[in-house]
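Biologist: I am new to this structure. Please show me how to read its features.

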Amino acid sequence: MSNLSEFIVTLSIWAVPTVFAIVLHEVMHGYVANLLGDDTAARAGRLTLNPLNHVDPIGTIIMPALLLFLHLPVFGYAKPVPVDFRRISPPRAGMIAVAAAGPLTNLALAVASAFVARMLAPYINAPWGEAVALPIVYMMQASVMINVLLAVFNLLPLLPLDGGRVLAGLLPLRAARTFARLEPYGLLILFALLYTNAVNVVISPLINAITRVLL
């Protein structure tokens, strides 16, 4: 019973920042696309912070909860916001801006969360600290970890990840077309990386270093 109670408390601390990080990541893709001429996401009703409009049952609820229960790094995703890159102007710079908007939003959320955690930390020992300040500090610390994780993973230079779209926009046109042919295999390559030393050697140390600096 104590394990179940501990899990419920942990879930309550992680659930809000996880959902908010995932939802705002997608909203910002659509928002920047809308600014650059593509209103597809707006017409689909996806420029809203209402999580019900973005929730993917597996990626937003089941997978993060399972990872949390197994004491593994929490990761998740929402339904991708629809973007018609043919309507964006300028096309290549616009694609870079739309793709980068999600991870940069996560980094901004990580910085803001760390700021709130640092501001409230001195008040943990106040009379109201254990009931108010401490839970918020824990939630903000969780937000830092989640947002840094989302930012780093999404910036990996693999299609269909955001980093892959940024790289495709930066490459010369012929090289970008060749790179785009790898998109059907991008997730397979990502899963392969997750089960190799690439995570331990490069990705995890980077995530840990950024998190330590912020917290």
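Biologist: Is D39 buried or exposed, and how is that decided?

Modeller: Buried means under 20% relative accessible area, exposed over 50%, and partly exposed in between (1.4 Å probe, protein chains only). D39 has 25% relative accessibility, so D39 counts as partly exposed. This is a predicted model: local features need pLDDT of at least 70, side-chain atom pairs count only at pLDDT 80 or more, and totals for chains, interfaces and linings use all residues. Residues are numbered from 1 along each chain as its sequence is written, and side-chain values use heavy atoms, with hydrogens and water left out.

Biologist: Which residues does D39 meet in a salt bridge?

Modeller: A salt bridge is a side-chain nitrogen of Lys or Arg within 4 Å of a carboxyl oxygen of Asp or Glu. D39 pairs with R43, their closest N and O atoms lying 3.1 Å apart. R43 is exposed because its relative accessible area is 57%. D39 also bridges to R87, at 3.0 Å from N to O. D39 and R87 sit 48 residues apart, in distant parts of the chain. R87 counts as partly exposed, at 37%.

Biologist: How many salt bridges does the structure hold?

Modeller: Five. Another one joins R165 and E183, with closest N and O atoms 2.9 Å apart. This pair also links distant parts of the chain, 18 residues apart. R165 is partly exposed, with a relative accessible area of 22%. E183 is partly exposed too, with 28%. Shared partners join D38, D39, R43 and R87 into one network.

Definitions and conventions
Helix = DSSP H or I, 4+ residues; strand = E, 2+ residues; numbered from the N terminus.
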